[in-house]
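Reader: Before we discuss any details, could you please put the sequence and the model in front of me?

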Amino acid sequence: MDNRDALYNKRVLILENKINKDCFVQDIGNFEVIHSIYKFYKDKNLIDVCAAPGGKSILLQSLGFNVLAIDKSQNQINKFEENLNRLNIKINIQKIDFLKKNFSDKFNSILLDAPCSALGTFRRNPDVTLKIDQSQIKKHQKTQMRMLEKSLKLLNNDGILVYIVCSFHPFETIDVIDKIIQNNKNIKLHTIDSNKMIKRKNGYFVNPLSFKDYGGSDIFFVSVLEKLK
Ligand SMILES: C[S@@+](CC[C@H](N)C(=O)[O-])C[C@H]1O[C@@H](n2cnc3c(N)ncnc32)[C@H](O)[C@@H]1O
């Protein structure tokens with residue numbers, strides 16, 4: 001495992017000194033998730049299928065990936081482009097509805113940071129618990145299932161698909177992956193090496209208590225899937 005604590009200290013120092021225009025302030029949990037999974041990808045050409053406003057694409061690009069970023073929302077893409085312009089970084093962004101597009105190519109490396117309830121951000125957005133109800137979570141689950149199934153179809157054998165949501169609700173996390181591995185017998189789930197996450201069936205939750213010294217974190221769920229032959 002790389003020394004992420006040193007990286008976190010460095011980043012907190014940057015923020016304490018000044019927030020300058022070159023910074024992209026992100027939740028520390030986001031950083032932990034990406035640093036825990038990027039080594040599973042065998043091919044650095046990666047498609048991020050729900051990419052905007054770009055937090056994870058930008059981190060992955062900074063780790064040496066060549067990212068094709070797609071998103072269906074022009075609003076979100078505008079924010080992504082603002083972030084790229086401010087940081088002076090180039091990423092290929094395309095406005096595409098992932099569920100509607102017929103792709104001619106297959107991929108070895110896919111990131112699916114799926115639309116979700118965002119319950120895991122309740123520390124920063126307390127009203128999310130008032131806005132979201134169980135029926136909306138079920139709708140999210142359906143979309144997440146469709147996106148996962150499509151991602152698996154687009155993945156080459158031996159390819160890696162990382163599924164992330166900023167939620168702790170079982171419908172969007174453990175249960176989604178349960179259904180996927182029931183429907184697809186050729187999936188291997190990988191073990192993640194992180195002392196800042198809690199291992200549960202089918203994946204890992206970022207533990208906000210790991211980041212007490214940094215003011216806590218959002219809660220993310222992450223699962224690393226490999227498509228076997
Ligand atoms: C959780 S956010 C992604 C956050 C982003 N990965 C980041 O780290 O900054 C989910 C994104 O999925 C996009 N989205 C939802 N449905 C989509 C679809 N069918 N095709 C492509 N993008 C979609 C939304 O517009 C939203 O920007």
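Reader: Which residues does Ile 110 touch, not counting residues up to four places away in sequence?

Author: This is a predicted model, in which local features need pLDDT of at least 70 and side-chain atom pairs count only at pLDDT 80 or more, while totals for chains, interfaces and linings use all residues. Residues are numbered from 1 along each chain as its sequence is written. Ile 110 is found in strand 4 (residues 107–113), where strands (E, at least two residues) and helices (H or I, at least four) are DSSP runs numbered from the N terminus. Taking two residues to be in contact if their C-beta atoms, placed from the backbone, lie within 7 Å, Ile 110 touches Ile 47, Val 49, Ser 151, Leu 154, Leu 155 and Leu 161.

Reader: Is Ile 110 buried or exposed?

Author: A residue counts as buried if 20 or more other C-beta atoms lie within 10 Å of its own, as exposed if 12 or fewer do, and as partly exposed in between. Because Ile 110 has 25 other C-beta atoms within 10 Å, it is buried.

Reader: At what angle do the axes of helix 6 and helix 7 cross, and how is that arrangement classed?

Author: Axes are lines fitted to C-alpha atoms, for helices over the stretch in contact, and angles run from 0 to 180 degrees between N-to-C directions. The axes of helix 6 (residues 134–154) and helix 7 (residues 174–183) come within 10 Å and cross at roughly 40 degrees. Angles under 35 degrees count as roughly parallel, over 145 as roughly antiparallel, 65 to 115 as roughly perpendicular and the rest as oblique. Helix 6 and helix 7 are therefore classed as oblique.

Reader: Which residues of helix 7 meet helix 6?

Author: From helix 6, the contact draws on Gln 141, Gln 144, Met 145 and Leu 148. Their partners in helix 7 are Val 176, Lys 179 and Ile 180.

Reader: Which residues are closest to the ligand?

Author: A residue is near a molecule if its C-beta atom, placed from the backbone, lies within 6 Å of it, and 17 residues surround the ligand. Helix 3 (55–62) and strand 2 (66–71) each supply at least two residues of this shell. The closest residues are Cys 50, Gly 55, Ser 73, Phe 98 and Asp 113.

Reader: How do the axes of helix 2 and helix 3 cross?

Author: The axes of helix 2 (residues 28–37) and helix 3 come within 10 Å. Their crossing angle is roughly 45 degrees.
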